[in-house]
There are 2 protein chains.
Amino acid sequence: MKNQDDHLNHAIIEFYEKLSSWEMAVVKDNGFSLPQVHIVEILGLNGPMRMKELAGKIGVTTGTLTVQIDKMVKAGLVLRRAHETDRRSILVELTDPGQVMFEEHDKLHMQLTTDLTVQFSEAERAQMLDFFNRINKEF
Amino acid sequence: MKNQDDHLNHAIIEFYEKLSSWEMAVVKDNGFSLPQVHIVEILGLNGPMRMKELAGKIGVTTGTLTVQIDKMVKAGLVLRRAHETDRRSILVELTDPGQVMFEEHDKLHMQLTTDLTVQFSEAERAQMLDFFNRINKEF
DNA sequence: CCATATAGTTCGTTAATCAAAGTAATAATC
DNA sequence: GATTATTACTTTGATTAACGAACTATATGG
């Protein structure tokens, strides 16, 4: 006894699962770990942010994040910078190589997005964007 | 110099990140591990499937999956069943408690979907569903 | 048949994670 | 403005997840 909303819900979950699986496959080929690519992705999209905020976004404790950021600093992908007003806080930001990595990864996403919406009209793509924007705002 | 398609791409990634973060938060509260909930979710949506296929969907090796399924069998969430025609293969399926767990988790997703689209008209929700269906088909 | 490929398991090792304890800075209370 | 509580981050020890390679069993194709 499935209604329209169940279908929408399951379509969203299916999309999420497929994207998740795609992401893992893509990451496996590029030498970096999934959490690290995840961090690069978030910093690339949102800009520098505090450890706490970043940990929240990827869903790990700050302890876990500290270890990951240590590795990424060593690998030259990110750097730690002092927070201007709150000296307890630290801002994590992409280095130039980190930014390059983000852009390359983003290109793959862009290609996927293009492929998935290849049969969409301009108007449909615009509407899809509007839907996502409204949903993200609500999230 | 961002165009429309870049925005759509980034809106999709943002949605994915938020959903991913939401999923982690939800899972953390219910006592089971993320991979296990993930498996329940996939089996609930797609029905019984072979180890190989399931491993592909969640993006791990079959070796990793064997260990997880062992735990889940012990926990009473899934069971192993012989494949009818291929005796090398094994079908993994949800037990009744596993199905219950799926349905409860699915309810949370449903609530989220409802919340996120609360300002959508009926027609917009229908169109959104159509978009996701077409994208998932292409994926 | 025999060789090769495929599905799943086992096992040793590495990576990721958490929780708890520790440090330092800020905010709140009195 | 001194004290207490809270917040941000790090460190550490233990647990869990993951990979890859070796192994068993079945299937497939000369």
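A polar contact is a pair of N or O atoms within 3.5 Å. The exercises below apply this cut-off and others to a predicted model.

**Exercise 1.** Decide which atoms of B:Lys71 and DNA strand D form a polar contact, and state how far apart they are.

*Solution.* Begin with the side chain of B:Lys71, where an N or O atom lies 2.2 Å from a phosphate oxygen of DNA strand D. Next, compare this distance with the cut-off of 3.5 Å; the pair at 2.2 Å therefore counts as a polar contact.

**Exercise 2.** Find which parts of DNA strand D are contacted by A:Arg88 and by A:Ile90.

*Solution.* Take A:Arg88 to start with: a polar atom of its side chain is 3.0 Å from a base oxygen of the strand. Then turn to A:Ile90, whose backbone places a polar atom 3.0 Å from a phosphate oxygen. Finally, consider the strand's atoms within 4 Å of the protein, of which 79% belong to sugar or phosphate, while the rest belong to bases.

**Exercise 3.** Describe the protein surface near DNA strand D, naming the helix that gives the most residues.

*Solution.* In total, 24 residues surround the strand, and A:Met51 and B:Arg88 are among the closest. Sorted by character, these residues comprise four nonpolar, 10 polar and 10 charged ones. Among the helices, H4(A) gives the most, with four residues.

**Exercise 4.** Work out how strand S3 of chain B is paired and whether its residues are mostly buried or exposed.

*Solution.* S2(B) pairs with S3(B) in the antiparallel sense over five bridges, and here B:Val78 stands opposite B:Leu94. S1(B) also runs antiparallel to S3(B), joined by two bridges, with B:Met49 opposite B:Val92. As for burial, four of the five residues of S3(B) are buried.

Conventions
Residues are numbered from 1 along each chain as its sequence is written. Chains are lettered from A and ligands numbered from 1 in the order in which they are written. This is a predicted model: local features need pLDDT of at least 70, side-chain atom pairs count only at pLDDT 80 or more; totals for chains, interfaces and linings use all residues. Side-chain values use heavy atoms; hydrogens and water are left out. A residue is near a molecule or strand if one of its heavy atoms lies within 4 Å of it. A polar contact is a pair of N or O atoms within 3.5 Å; within protein, one must be able to donate a hydrogen and the other to accept it, and residues adjacent in sequence count only if both atoms are side-chain atoms. Ala, Val, Leu, Ile, Met, Phe, Trp, Tyr, Cys and Pro count as nonpolar, Asp, Glu, Lys and Arg as charged, and the others, Gly among them, as polar. Buried means under 20% relative accessible area, exposed over 50%, partly exposed in between (1.4 Å probe, protein chains only). Two strands pair if DSSP finds at least two bridges between them.
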